[in-house]
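Please open the structure in your viewer and keep the selection tool at hand. We will go from stop to stop, picking a few residues each time.

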Amino acid sequence: MVTAEPAPAPASRLAYLDGLRGFAVVFMVLNHTARAWIDGKMTWHRYTLIYVTLAMAAPTFLFLVGFCLPLSLRGHTGEPESLGALARRFAPRGVRIFLAGLLLNVIVFRDQPILSGGVLQTIGLAIIAMIPALWFLRYRHASWVLLAVAVAGYVTFVGSFDWLERFVDRHSGLGLVLFYDFPPWPWLSLVLIGLVMGTIWLSAHRRSEAEGARFLAWVAMAGALMVVAWAGWDWWMDTPVRLGMKRDFILNNHWTPRGPSVLWVLGMVWLALGVAYWLMQRRRWELPWLVLFGQTAFFLYFAHQVIAFTLVGEWLGWRFDRWPVFYGANVVFLLVLLALGRLWQWLKHAVPDRSLPVIARWARARARP
């Protein structure tokens with residue numbers, strides 16, 4: 001009897017995951033330039049562009065934080081790592097990203113307290129918070145327990161929202177630290193869902209590549225069904241603004257999906273994951289520019305905000321109020337970011353660690369697989 005050999009352990013970086021992350025980078029750039037480079041009134045086109053790019057970019061980043069963490073483990077076939085070993089591996093990475101978020105506040109968002117929350121701070125805290133979850137996943141039924149924790153985290157946020165609104169009104173400074181941008185509560189729930197799904201996919205892939213592919217196909221189909229359900233609900237309820245923030249939670253002037261919008265956000269992330277795998281892994285579309293965006297996402301997240309908000313928006317004061325000019329400026333901006341990403345990759349390999357300042361060494365360590 002001939003038995004199928006298990007698929008080799010996947011590399012810690014996979015092109016389709018980098019491509020999906022690069023897709024999120026492009027949407028993130030469009031979201032920020034739509035806010036910073038237009039002085040005209042909030043037209044429906046601009047409003048929809050901001051909402052769609054917001055709902056796709058940051059949730060994709062946060063989901064991939066969890067999904068990719070299992071790929072970072074070296075012991076693909078050995079015994080599970082201890083909690084201490086996992087902490088030594090991931091805690092420094094989380095701290096570096098958190099501190100980078102604070103540095104971004106100092107450089108770009110100078111009108112806010114240094115300790116204000118941000119996506120980088122949430123990602124850094126998420127990596128640290130996922131350490132015990134990674135350790136716990138060695139046990140049977142742990143995936144179901146962690147998914148229940150993720151759901152409970154979001155449900156308790158929904159139930160506490162009225163209280164949270166009063167809290168940030170009474171404690172504005174603390175509210176900016178704890179509940180600003182994409183705060184850990186409830187967004188760590190999305191990271192936890194990504195962690196569980198990444199672990200399941202990795203286990204399936206180790207058994208056979210075909211089984212891993214089937215899992216992602218089911219994920220894509222589930223995502224598509226969720227998007228269809230969201231669209232059907234909106235059609236049935238005759239929602240006035242289907243792609244808009246007023247239907248969702250707004251806390252500290254920042255957005256969190258509510259009700260059917262959760263189907264839209266999570267469904268689109270899952271669908272995009274499956275499509276990226278099918279195009280780049282199965283159909284062998286290389287898309288090197290998108291992969292480069294994904295591989296240098298941490299550096300570009302930092303650099304593009306310095307350029308978009310501080311250099312172009314504040315110092316130069318440039319505005320692009322006509323849509324053809326706006327999109328043309330974004331094409332040029334993305335090409336500049338592509339060149340910066342290529343330069344960053346070259347510097348990582350060409351310049352010895354000891355010759356770099358501390359902050360640059362931190363950024364280099366974060367960018368490594």
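Here is a tour of a predicted model, stop by stop.

**Stop 1: colour by confidence**

Start by colouring the chain by pLDDT, the predictor's confidence in each residue. The chain has a mean pLDDT of 88, and 90% of its residues reach 70 or more. Now select residues 142-159, helix α5: among the elements of the chain, this helix has the highest mean pLDDT, 96. The lowest mean, 51, belongs to helix α14, residues 358-367. Select residues 1-8 as well, where the pLDDT is below 50. In the model this stretch has 9 contacts beyond near neighbours in sequence. Where pLDDT is low, the predicted coordinates should not be read in detail.

**Stop 2: helix α1 and a neighbour**

Next, select residues 15-36, which make up α1. Is this helix largely enclosed or largely open? Of its 22 residues, 19 are buried, so α1 is largely enclosed by the rest of the structure. You can also check its length with the distance tool. The end C-alpha atoms of α1 are 31 Å apart, which agrees with the 32 Å that its 22 residues should span at 1.5 Å a residue.

Stay in this area and pick Asn330, which sits in helix α13. Asn330 is buried, with a relative accessible area of 2%. Which residues does Asn330 touch, not counting residues up to four places away in sequence? They are Val29, Leu30, Thr33 and Trp37.

**Stop 3: salt bridges**

Side chains of opposite charge can pair when their charged atoms come close. How many salt bridges does the count come to? The count is 6, and three of them are worth a visit here.

- Show Arg319 and Asp39: their closest N and O atoms are 3.1 Å apart in a salt bridge. Arg319 is in the loop between α12 (297-316) and α13 (323-350), and Asp39 is in the loop between α1 (15-36) and α2 (44-68), so this pair ties together parts that are 280 residues apart in sequence. Arg319 is partly exposed, at 31% relative accessible area, while Asp39 counts as exposed, at 55%.
- Move on to Arg89 and Glu81, whose side chains form a salt bridge with an N to O distance of 2.8 Å. Both Arg89 and Glu81 are buried.
- Then select Glu211 and Arg207, which meet in a salt bridge at 2.7 Å, N to O. Glu211 is partly exposed, with a relative accessible area of 25%, and Arg207 is partly exposed too, with 46%.

**Stop 4: helix α9**

Select residues 209-237 to bring up helix α9. At 1.5 Å a residue, its 29 residues should span 42 Å, and its end C-alpha atoms are indeed 42 Å apart. Colour the buried residues of this helix, among them Gly212, Phe215, Leu216, Met226, Trp230 and Asp234. What covers the buried residues of α9? The cover includes α1, α2, α8 and α10 (260-282). Finish here with Asp238, just after α9, which takes a positive phi of about 55°.

**Stop 5: aromatic rings**

Show the aromatic side chains next; the count comes to 28 aromatic pairs. One pair to centre on is Trp187 with Trp255: the ring centres are 5.9 Å apart and the planes are at 40°, so the pair is tilted. Trp187 belongs to helix α8 (residues 184-207) and Trp255 to strand β2 (residues 254-256), so the pair ties together parts that are 68 residues apart in sequence. Buried or exposed? Trp187 and Trp255 are both buried.

Now select Phe157, Phe161, Trp163, Phe167, Phe179, Trp185 and Phe249, which form one aromatic cluster. Add Arg258 to the view: Arg258 lies over the face of Phe249, at 4.2 Å from the ring centre.

**Stop 6: back to helix α5**

For the last stop, pick Leu147 in helix α5. Leu147 counts as partly exposed, at 26% relative accessibility. Beyond its neighbours within four places in sequence, Leu147 is in contact with Ile193 and Val196. Draw a line from the C-alpha atom of Leu147 to that of Ile193: the two are 46 residues apart along the chain, yet separated by 6.2 Å.

Methods:
Residues numbered from 1 in each chain as written. Predicted model: local features only at pLDDT ≥ 70, side-chain atom pairs only at ≥ 80, totals over all residues. Heavy atoms only, no water. Salt bridge = Lys/Arg side-chain N within 4 Å of Asp/Glu carboxyl O. Helix = DSSP H or I, 4+ residues; strand = E, 2+ residues; numbered from the N terminus. Buried < 20%, exposed > 50% of the residue type's maximum accessible area, 1.4 Å probe, protein only. Expected span 1.5 Å × (residues − 1). Contact = heavy atoms within 4.5 Å. pLDDT = per-residue confidence, 0-100. Phe/Tyr/Trp six-rings, centres within 6.5 Å; stacked < 30°, edge-to-face > 60°. Lys NZ or Arg CZ within 6 Å of the ring centre and 35° of its normal.
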